[in-house]
Amino acid sequence: HGFTSLEVHYPAALERFFVDVVGVVRLSSVEVQARLRAIAARSAAGPDNPSPLQTAYSDLASLCSRIHQDGTEQDIAAEYLKRDLQNLLFLPGQPAPVREDCVFLLPDARGLARLCGKIDIGLHFPGLQSYFADVVGLPSTLSTDQCLDALRALKKSNAQEPSETQRIASAAYRHLEKDYGRTMRAVDLSLTFQEEALLF
């Protein structure tokens, strides 16, 4: 079955009329998934060509925000869509990543996720943290163990410029501070730094 989206033909001001009066379904999760998969299949980002996926995810972020503001976040269609979006992660020109392997870090932590074996979605879709964190449910911070793994990998790597090493280490220390006390006792963390040269 095909889908016809009325927003293509009519102004957004008529949305409430079509939904509340005519009974048109506000959202079709199947249609959203089909559109996103189609965009992902033909998406290739270049230095002068922002990914069509960036636009698609921006539109989804606006849609989810509008649903929330309208007070319809408990709407069944909206809940189904939100659940389905959690499994629709695509990267331009790359295979679809596994959700559990992904995080969304701020730009100042660029390069940190890779050192602990994670994929930083923020590198591909800057400015969309609220969508990927709140809707998709990706972590926006790293755990203590992940930060320590990143610092160990950074120690072994000689490929970084000293300033870049310092920048990445600073990001790891900020994430350690955020996670402080939740997954590791202070004394354990102190011992780790005494036993391993993880200060740069």
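This briefing covers salt bridges, helix α7, a contact site in helix α9 and a surface patch. The model is predicted. Its salt bridges number four. One of them joins Arg174 to Asp108, and Asp149, Arg152 and Glu196 form a linked network.

**A salt bridge between distant parts of the chain**

- Arg174 and Asp108 pair through their side chains, with N to O at 3.3 Å.
- The partners are 66 residues apart, so this pair ties distant parts of the chain together.
- Arg174 belongs to helix α8 (residues 162-179), while Asp108 sits in the loop between β1 (102-103) and α5 (112-115).
- Arg174 is partly exposed, at 34% relative accessibility.
- Asp108 is also partly exposed, with a relative accessible area of 40%.

**A salt bridge within helix α8**

- Glu164 pairs with Arg167, and their closest N and O atoms are 2.7 Å apart.
- Both residues lie in helix α8, three residues apart, or about one turn of the helix.
- Glu164 counts as partly exposed at 23% relative accessibility.
- Arg167 has a relative accessible area of 21% and is partly exposed.

**Helix α7 and its salt bridge**

- Helix α7 runs over residues 144-156 and has 13 residues.
- From first C-alpha to last, helix α7 reaches 19 Å, close to the 18 Å expected at 1.5 Å a residue.
- Its buried residues are Thr144, Gln146, Cys147, Leu148, Ala150, Leu151 and Leu154.
- Asp149 and Arg152 form a salt bridge, with the closest N and O atoms 3.1 Å apart.
- These two residues are separated by about one helical turn, because they are three residues apart in helix α7.
- Asp149 is partly exposed, at a relative accessible area of 39%.
- Arg152 is partly exposed as well, at 28% relative accessibility.
- A network of salt bridges links both residues with Glu196.

**Thr192 in helix α9**

- Thr192 is placed in helix α9 (residues 186-195).
- Thr192 counts as buried because its relative accessibility is 12%, and the cut-off for buried is under 20%.
- A polar atom of the Thr192 side chain lies 3.0 Å from the backbone oxygen of Asp188.
- Leaving aside residues up to four places away in sequence, Thr192 touches Leu148, Arg152 and Leu198.
- Among these contacts, Leu148 is one of the buried residues of α7.
- Arg152, another contact of Thr192, is the salt-bridge partner of Asp149.

**Nonpolar surface patch**

- Tyr10, Leu14, Phe17, Val21 and Val22 make a nonpolar surface patch of about 460 Å².
- Leu14 is found in the segment before α1 (15-22).
- Leu14 is partly exposed, with a relative accessible area of 33%.
- Leu14 can join a patch because its 33% is above the cut-off of over 30% relative accessible area.

**Arg83 in helix α4**

- Arg83 lies in helix α4, which spans residues 76-85.
- At 45% relative accessibility, Arg83 is partly exposed.
- Arg83 and Val135 are 52 residues apart along the chain, and their C-alpha atoms are separated by 8.4 Å.

Definitions and conventions. Residues numbered from 1 in each chain as written. Predicted model: local features only at pLDDT ≥ 70, side-chain atom pairs only at ≥ 80, totals over all residues. Heavy atoms only, no water. Patch = residues over 30% accessible without salt bridge, like charges linked within 9 Å, V, L, I, M, F, W, Y side chains within 5 Å. Areas by Shrake-Rupley, 256 points an atom, 1.4 Å probe, with all protein chains shown as cover. Helix = DSSP H or I, 4+ residues; strand = E, 2+ residues; numbered from the N terminus. Buried < 20%, exposed > 50% of the residue type's maximum accessible area, 1.4 Å probe, protein only. Expected span 1.5 Å × (residues − 1). Polar contact = N/O pair within 3.5 Å; in protein donor to acceptor, adjacent residues only side chain to side chain. Contact = heavy atoms within 4.5 Å.
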